[in-house]
Number of protein chains: 2
Amino acid sequence: MGILSKKSANVFNPIDEEDTLAEKLEKEGKQILKLSAGDPPKYFKTPEYIIEAYIRALKERKTSYALGIGVKELREAVAERYKRMYNIDVNEDNVIITQGVSEGIDFVNAALLDPGNKGILFRPYYPLYMIYMRENGGIPLFENYYEHLSWNVDVEKLEKTIKKEARRRPKYLLVTNPNNPTGTVLDRKVLEELVKLANEYDILIISDEIYDEIVFNNAKFTSIAELAKGVPHIILNGASKSYDATGFRLGYMLIPEQDEKSMLIRDKLADYAEARLSANVPAQYAFADSLNNTKAHEKAMKEMVKEIEERVNLATKIVNESKFMHAVEPKGAFYLFPKVYLEKMKFKNDKDFVISLLKEEGIQITRGSGFGAEGHVRLVALAPKNILTQTINKIIKFCERHKKEA
Amino acid sequence: MGILSKKSANVFNPIDEEDTLAEKLEKEGKQILKLSAGDPPKYFKTPEYIIEAYIRALKERKTSYALGIGVKELREAVAERYKRMYNIDVNEDNVIITQGVSEGIDFVNAALLDPGNKGILFRPYYPLYMIYMRENGGIPLFENYYEHLSWNVDVEKLEKTIKKEARRRPKYLLVTNPNNPTGTVLDRKVLEELVKLANEYDILIISDEIYDEIVFNNAKFTSIAELAKGVPHIILNGASKSYDATGFRLGYMLIPEQDEKSMLIRDKLADYAEARLSANVPAQYAFADSLNNTKAHEKAMKEMVKEIEERVNLATKIVNESKFMHAVEPKGAFYLFPKVYLEKMKFKNDKDFVISLLKEEGIQITRGSGFGAEGHVRLVALAPKNILTQTINKIIKFCERHKKEA
């Protein structure tokens, strides 16, 4: 018997080799250009009004434990946000505060999955979904976001996938909208059909909507909560992206429905939240104030999203002008997920591509196989335009250098 | 198939009935006197120098993600603390930052236990140990802190317990020192024998030392790290108690040894930490500064511990003068864990006692059965002396009123 649990083998960094290499190179004094971290505050200072609210909470000594489900003021502010933005009738009892969306994903998988239970994941997926599913003994039932559909869901194919599993129905399906890594904003019509299907087959919908305010290029975001009236669902969201405060580690779960199943889930998720006592308390008060300060927030977000839109579009343009990569135009978040035409180059696969790029150019990007979608790479388009331009041009030159001779 | 996982049934609040009742009474406008929350900042303001360090971190916009294992500055400061206080030769690589000790307990159980694996818990235990052990399918192998030994471990009995399990050796033993709920500081000699035993039977030692600076009544605290040279062990600690900052939700795991087993455990715990991205970042910088500001810390702690000592001793005196309860004199933390002479009163058990007290007097304390030790109650002696005196006197009058006639 080894000292570690067998299930812990599922908890690992899928891109550990790259991260370790980047760290090693940095230790050797090499500067690494990273288009790999989805971390807005690195490039956009967390707005002053949020920092001020945080400092206020500290000065008022909001430093005791809070309720495990989160301080009332924050849960109310989250409920208000959904009323205001999406016209959803919820109150603080529908909200549970988590230590980032990460913890929400952890709780959901732990509360729902015993070994052998299934959940539907769409490829490419955010790696953490897989880690926590597997760590709980869950088995992914894969469907795809289809690149030829601009990374949308194909609902007919989804239904076929569900039907194949008639004997062991998946407990949930998990969508990410806007999407990391593809930058897609799912079509409202697709979401309507998806909700219909989930209802018909009695599958809980989990929708990770952490990028819901980072939407651009004239796209319109629809929250699952707007469509899934009467259908059990969980919305995951938080402060990291739309409030430009990744380091606060504050997320929330919204469980808007009142049916028996939703209530069971809500209460159990609350048990998980209470067990670990609470999330960081002064940050909760800061986030509550920030959610309520709609005027300051709208101003800050408008500026940030406009800038992100320009950066993403610039990056997409440069990428798509090369003959080695092609990205579907992103409409949200701040990622590009181009297909890499590996067959034109001398690389075995996307991992080989990414590691060679890191070694030769000191540029770190993330390989698609880490998201379950080989032959792609993810670029984060948060850096200033001159850096983005330089870096992507270097990547293209790198491709050129490694192209196969005709 | 229900929607919830079977294992999630292990995640629940063992004193949910009392908590729900207290909440109901408060909603009805009744004021509840709580000697139930181990939450120092409620009574002792988090020191100014810590708040200032936190504000500094925010103004410097330390609001991006950090390393999953924690910011380097904090891991270094923790390592320094152990060099300084306990003469342990460690560096930042031996430290992993967690979201409270709670998350440390979560990670340790997940990383070590598959269903059916065992771990040794001593009764009375902190309830979360049991929750995470069970949630991972682990099975507790119980030993006791013995009241007649001032709640110390009986190492001979511990060895017998281990020997009974020769076929399925427990993976770890978990001690809490200073102890919640008993207030015991374990004897150095007992700890030495315990380490010897753990080494002999190849059992990982986990020592929750979150109260290591709240020690009084001339007791001397010994960290397991001082004794377990060459024996794999994990120390759990954090900012909550010794830095009077429960609401920061910052803990750490120290894995001091370099043997193969310790390294395997360290790397896997790091994987768990990296999966959920990071703990609150500005709080990490604040805690790092606070750990390094030894002068301000020592002054603040000296004052707080002196005051806690007086409150604990006062509470113990009043409790022990009654003929309905008796507490072993606490030497650390801020809890009393008196035996309640239920046979002298008309209560069925400690739960009946605690719920009746809540209903009749509006006083909330915690029943021993929540810690796996029936017939006891836990009182938190953090409230000011006049409140403590009044409240405990009310409890004694309540006992008097319910005593059995001779």
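Visitor: Why is B:Glu400 called partly exposed?

Guide: In this predicted model, B:Glu400 has a relative accessible area of 33%, and since buried means under 20% and exposed over 50%, a value in between is called partly exposed. B:Lys403 has a relative accessible area of 26% and is therefore partly exposed on the same reasoning.

Visitor: What makes the pairing of B:Glu400 with B:Lys403 a salt bridge?

Guide: The closest N and O atoms of B:Glu400 and B:Lys403 are 2.8 Å apart, and because a side-chain nitrogen of Lys within 4 Å of a carboxyl oxygen of Glu meets the criterion, the pair is counted as a salt bridge.

Visitor: Which residues do salt bridges that share partners join into one network?

Guide: That network is made of A:Lys306, A:Glu307, A:Glu310, A:Arg311 and A:Lys385. One of its members, A:Lys306, meets A:Glu310 in a salt bridge with an N to O distance of 3.1 Å, and both residues lie in helix α11 of chain A, four residues apart, which is about one turn of the helix. A:Glu310 has a relative accessibility of 31% and so counts as partly exposed, the value lying between the 20% and 50% limits.

Visitor: How many salt bridges does a search of the whole structure find, over all chains?

Guide: The search finds 59. Among them is the one in which the side chains of A:Arg81 and A:Asp212 meet, at 2.9 Å from N to O.

Visitor: What parts does the pair A:Arg81 and A:Asp212 tie together?

Guide: A:Arg81 belongs to helix α3 (residues 72-86) of chain A, while A:Asp212 sits in the loop between β7 (204-208) and α8 (224-227) of that chain, so the pair ties together parts that are 131 residues apart in sequence.

Visitor: How do you know whether A:Arg81 is buried or exposed?

Guide: With a relative accessibility of 1%, A:Arg81 is under the 20% limit and therefore counts as buried. Its partner A:Asp212, with a relative accessible area of 4%, is also under that limit and is therefore buried.

Visitor: Why is A:Asp89 called exposed?

Guide: A:Asp89 has a relative accessible area of 71%, and because exposed means over 50%, the residue is called exposed. A:Asp89 is found in the loop between α3 and β2 (95-98) of chain A, and the C-alpha atoms of A:Asp89 and A:Lys306 are 30 Å apart in space, with their positions 217 residues apart in sequence.

Visitor: Why are α11(A) and α13(A) called roughly parallel?

Guide: Helix α11 (residues 294-321) and helix α13 (residues 385-401) of chain A pack at an angle of about 20 degrees, with their axes 10 Å apart. Angles under 35 degrees count as roughly parallel, and α11(A) and α13(A) are therefore described in that way. The crossing of α11(A) past α13(A) is right-handed.

Visitor: Which residues make the contact of α11(A) with α13(A)?

Guide: From α11(A) come A:Glu307, A:Glu310, A:Arg311, A:Leu314, A:Ala315, A:Ile318 and A:Val319, and from α13(A) come A:Lys385, A:Leu388, A:Thr389, A:Ile392, A:Asn393 and A:Ile396. By class, these are seven nonpolar, two polar and four charged residues.

Visitor: What makes α1(A) and α12(A) roughly parallel?

Guide: The axes of helix α1 (residues 16-27) and helix α12 (residues 350-361) of chain A come within 10 Å and cross at roughly 5 degrees, and because this is under 35 degrees, α1(A) and α12(A) are called roughly parallel. The residues in contact include A:Leu21 and A:Leu25 of α1(A) and A:Val354 and A:Leu358 of α12(A), and the contact divides into six nonpolar, no polar and four charged residues.

Visitor: What phi does A:Arg61 have, although it is not a glycine?

Guide: A:Arg61 has a positive phi of about 55 degrees. Most residues other than glycine have a negative phi. A:Arg61 is found in the loop between α2 (48-59) and α3 of chain A, and at 17% relative accessibility, under the 20% limit, this residue counts as buried. B:Ala333 likewise has a positive phi of about 55 degrees without being a glycine, and with a relative accessible area of 0% it is buried.

Key: Residues are numbered from 1 along each chain as its sequence is written. Chains are lettered from A and ligands numbered from 1 in the order in which they are written. This is a predicted model: local features need pLDDT of at least 70, side-chain atom pairs count only at pLDDT 80 or more; totals for chains, interfaces and linings use all residues. Side-chain values use heavy atoms; hydrogens and water are left out. Axes are lines fitted to C-alpha atoms, for helices over the stretch in contact, and angles run from 0 to 180 degrees between N-to-C directions. Helices (H or I, at least four residues) and strands (E, at least two) are DSSP runs, numbered from the N terminus. Angles under 35 degrees count as roughly parallel, over 145 as roughly antiparallel, 65 to 115 as roughly perpendicular and the rest as oblique. A crossing is left-handed if the near helix is turned anticlockwise from the far one by less than a right angle, and right-handed if clockwise. Contact means heavy atoms within 4.5 Å. Ala, Val, Leu, Ile, Met, Phe, Trp, Tyr, Cys and Pro count as nonpolar, Asp, Glu, Lys and Arg as charged, and the others, Gly among them, as polar. Buried means under 20% relative accessible area, exposed over 50%, partly exposed in between (1.4 Å probe, protein chains only).
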